[in-house]
Amino acid sequence: MQCAFQSIRGAVVAAAAGAFVLATPAHAQRFSRDYQSYEPAVEDLPYSGQFTFARLSFVTGPGGFYYRGMPAWAHGYPDAEFHLLQIMDLLSTVKPRLDHSKVVQMDDPELFKYPVAYMAEADFWVLGDKEVTELRKYLLKGGFIIFDDFRDPGRFGGTGWEGFQETMKRILPQGTIVDLSPKDPIFHSFYEITSFGPEMLPRGYDDGAPVLRGIYQDNDPTKRLMVMINFNTDISDFWEFSGQGRYAVTQSNQGYKLGVNYLVYALSH
């Protein structure tokens, strides 16, 4: 691990992101039904072999366009991944693609070219049988998915945990979702996440504490983690708004540390 990923664990990671300036509405303007729904422009990005952040798109259920009018899958796109990859580039020997990220549908064969995928607002997803089948294949063939940014009760019509769990049962009928602990390997793949207290897991706009869950291959915690679930939190919010004063630097740092750990774990397992 040391030769593959150069460790600069003592760095203040959010300081690097602080140089990015984005035109973003104030917090009070974020959640509104007054926006006109739209699909963001997505470039048809050809595969290059370089590590590229892949975001999963999906048909958005009712109410999922509440954030700036964007579909639920696009919440935070592309700022969140852009900032995280800048940090990943600075702190490791992984040299990710920085100019663009990939948006891919779950039934697109292109998905299998990307070892790590990210999904926002999974409680708004509407999946057909083909998407379910292809996502199952992706996970069983070695793919890793980060689910982020959903909570109970579901916001603006989201189905919350219950709806997410039902869909995951369609994808992995034999998969068991388990509560993770700070002892799980993913929390030690680059940075040391030694507790789930507020000093390690940043709290954003969600009430209560974040809940971190996952699914292991063959339900065996000695094998690889296939699914990482950030529930009752929006870790990507700390990437998206870093450097703008929305969150304390210490909180943004912790959000980045989680994101870096997730990517390093996925690329090394």
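1. Let's start inside the sheet of this predicted model. Phe147 stands opposite Ile229, a residue of strand 9. The two strands to look at here are strand 6 (residues 144-148) and strand 9 (residues 225-231), which run parallel and are joined by 3 bridges.

2. Now step back to the whole sheet. Strands 6 and 9 sit next to each other in an open sheet of 7 strands, ordered 3-1-4-6-9-8-7, and the pairing is mixed. At the edges you will find strand 3 (102-105) and strand 7 (178-179), each of which pairs on one side only.

3. Next, the helices on the sheet. Helix 3 (residues 129-140) lies across strand 1 (54-57), strand 4 (116-120), strand 6 and strand 9, and runs at about 120° to strand 6. Helix 4 (residues 160-171) also packs on the sheet, where it touches strand 6, strand 8 (211-216) and strand 9. The direction of helix 4 makes about 165° with that of strand 9.

4. A helix pair is worth a look too. Helix 2 (residues 79-91) packs against helix 6 (residues 249-268) at an angle of about 70°, and their axes are 10 Å apart. Angles of 65 to 115 degrees count as roughly perpendicular, and therefore helix 2 and helix 6 are roughly perpendicular to each other.

5. Which residues of helix 2 and helix 6 meet? From helix 2 come His83, Leu84, Leu85, Ile87 and Met88, and they meet Tyr256, Gly259, Val260, Leu263 and Val264 of helix 6. Sorted by class, this contact has 8 nonpolar residues, 2 polar ones and no charged ones.

Terms used:
Residues are numbered from 1 along each chain as its sequence is written. This is a predicted model: local features need pLDDT of at least 70, side-chain atom pairs count only at pLDDT 80 or more; totals for chains, interfaces and linings use all residues. Side-chain values use heavy atoms; hydrogens and water are left out. Axes are lines fitted to C-alpha atoms, for helices over the stretch in contact, and angles run from 0 to 180 degrees between N-to-C directions. Helices (H or I, at least four residues) and strands (E, at least two) are DSSP runs, numbered from the N terminus. Angles under 35 degrees count as roughly parallel, over 145 as roughly antiparallel, 65 to 115 as roughly perpendicular and the rest as oblique. Contact means heavy atoms within 4.5 Å. Ala, Val, Leu, Ile, Met, Phe, Trp, Tyr, Cys and Pro count as nonpolar, Asp, Glu, Lys and Arg as charged, and the others, Gly among them, as polar. Two strands pair if DSSP finds at least two bridges between them.
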